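Subject: Structure handover

Hello,

Here is the structure I said I would pass on. My notes on it follow below.

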Amino acid sequence: MSVDSSTWPSLTLAGQPMSSPLKDVRTLSRQMVGHFVENVIPCGTLPVDAISGDVTTITRTCLELAVSMLDGQGIPQKLQRLQDAAAGWAREGVPIDTIHHSIHEGFQMGLNLVVSNASIKDYDNLVDGAHMVVQMLDMITSAVSVAYVRELRAVVSEHHTAVHTLTSALLGGHSTSTMARECGIAIAESYVVVAAAIPAHRDEGNPALDRQVVARRKLRRVQAELATRCGNSALSLLSVDGGTILIPSATFDNEGLDTLVNQLSHAAQVGITATLVQATPEQISNAADQAHELLDMVQRLQAVPGMYRFDELALEYQLTRPGPGREYLGSLLDPLDEHPELLETLQRHIGNNLNRQRTARVLHVHTNTVDYRLKRIGQLTGFDPSQPSGLWYLRSALVARTYRTT
């Protein structure tokens, strides 16, 4: 970063160089760092050796830059030292707001020292000095921000590659102990294997917008929310349409998993449907296949968005297996072939967890119409959807029917 200081004058206050209060950079830097530790830097943000060494050195560098500029000298070639430090802090996870807050606190302390003996006669020089302080602050914060963001992008890219590699290995059933060590990611004792379906956002159908851009933004929101809720513990392979997420079993209880899907749906601005299967690392490959088969079944049933577990739908899942039982159950709904509105009503009613009001809203009909159609379904098929036994057969038939033509 090049800075032209050839036009900067040497400024004075009360007959002394404006930089005079800042000349003892070693003493002043120690005072500033002590102030940072007590009032700015959150407890535990930086290790003690970093505070005593790196932070003190960088504070001294900033003071030397300020003295040089106030004295009208060329800028020392020390910006690289600031940028190197900023890159290191990014890799260590030091929040950038803490860094910038410390910089501004340091400038405030230094400015207070500089103007402490000023009088009204120094007004013009104070104005010039204020302009120069703004330029210094802009130069330093820009240098720090550029280096921090550049390094953070590199760190994120490295972590993303490591996560992708390890997740692919787990899903592929390959040995992962060596790979986990190389990636620096610990493997949990067991995982919740989640298969997720992310429907299209409403803006993806807007001809005035780029569909791919809208879809990618949706995916980034989901990934950001997942990182917020799970940190680095969750492993995922996601596309704009969905994918697989591996969450350590100890991360959430059942209620927490339901909440997670709701939070991801809120971030995506669409209703996400997900299914889960518990598995050890060695079982993940088969568990993922099972979770996606279960997700396919839930989608065929047009179930409402949310989290579905294997033990909740084990019977329906078994009905998807090929055989004479599936063929027989699938044929039970043949009498509805000539009445598509009845078949749609049955699908919606079961998909909405038997909520008549919700089914009526989706179909844009009165609840009495839903009741009439359900009664008519019972007459045509011989199975009354208002009775548990009849509903069981109709639900099973609906599951089997969706697989008859595949």
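Please start with residues 1–7, where pLDDT stays under 50. For that stretch the model has 11 contacts beyond four places in sequence. Where pLDDT is low, the predicted coordinates should not be read in detail. This is a predicted model, and over the chain the mean pLDDT is 80, with 83% of the residues at 70 or more.

As for the general layout, the chain has 15 helices and 7 strands. Of its 406 residues, 44% are buried. Among contacts with a separation of 6 or more, 70% are between residues 24 or more positions apart.

The rest of my notes concern the part of the chain from α11 to α14, beginning with one leucine.

Leu 333 sits in the loop that runs between α11 (324–331) and α12 (340–351). Is Leu 333 buried or exposed? Its relative accessible area is 0%, so Leu 333 is buried, the cut-off being under 20%. Setting aside neighbours within four places in sequence, Leu 333 has contacts with Leu 343, Leu 346, Thr 381, Leu 394, Ala 397, Leu 398 and Arg 401. There is also a C-alpha to C-alpha distance to report: Leu 333 and Leu 380 are 8.8 Å apart in space, with their positions 47 residues apart in sequence.

Next come two helix pairs.

The first note is on α12 and α13, the latter covering residues 356–363. Their axes are 9 Å apart and the helices pack at an angle of about 130°. That angle is neither within 65 to 115 degrees nor over 145, so α12 and α13 count as oblique to each other. The crossing of the two is right-handed. On the α12 side the contact is made by Glu 344, Thr 345, Arg 348 and His 349, and on the α13 side by Arg 356, Thr 359, Val 362 and Leu 363. Sorted by class, this contact has 2 nonpolar, 3 polar and 3 charged residues.

The other note is on α13 and α14, where α14 spans residues 367–381. How do these two helices lie relative to each other? Their axes come within 8 Å and cross at roughly 100°. An angle from 65 to 115 degrees counts as roughly perpendicular, and therefore α13 and α14 are described that way. From α13 the contact takes in Arg 356, Gln 357, Thr 359, Ala 360 and Leu 363; from α14 it takes in Thr 367, Val 370, Asp 371 and Arg 373. By class there are 3 nonpolar, 3 polar and 3 charged residues in this contact. Arg 356, Thr 359 and Leu 363 of α13 are listed in the contact with α12 and also in the contact with α14.

Finally, the loops on either side of α13 deserve a look for their backbone angles. Leu 354, in the loop between α12 and α13, is not a glycine, yet has a positive phi of about 65°. Leu 354 counts as partly exposed because its relative accessibility is 38%. In the loop between α13 and α14 the residue to look at is His 364. Phi of His 364 is also positive, near 60°, and this residue too is other than glycine. With 72% relative accessibility, which is over the 50% cut-off, His 364 counts as exposed.

Regards

Note on methods. Residues are numbered from 1 along each chain as its sequence is written. This is a predicted model: local features need pLDDT of at least 70, side-chain atom pairs count only at pLDDT 80 or more; totals for chains, interfaces and linings use all residues. Side-chain values use heavy atoms; hydrogens and water are left out. pLDDT is the predictor's confidence in each residue, from 0 to 100. Contact means heavy atoms within 4.5 Å. Helices (H or I, at least four residues) and strands (E, at least two) are DSSP runs, numbered from the N terminus. Buried means under 20% relative accessible area, exposed over 50%, partly exposed in between (1.4 Å probe, protein chains only). Axes are lines fitted to C-alpha atoms, for helices over the stretch in contact, and angles run from 0 to 180 degrees between N-to-C directions. Angles under 35 degrees count as roughly parallel, over 145 as roughly antiparallel, 65 to 115 as roughly perpendicular and the rest as oblique. A crossing is left-handed if the near helix is turned anticlockwise from the far one by less than a right angle, and right-handed if clockwise. Ala, Val, Leu, Ile, Met, Phe, Trp, Tyr, Cys and Pro count as nonpolar, Asp, Glu, Lys and Arg as charged, and the others, Gly among them, as polar.
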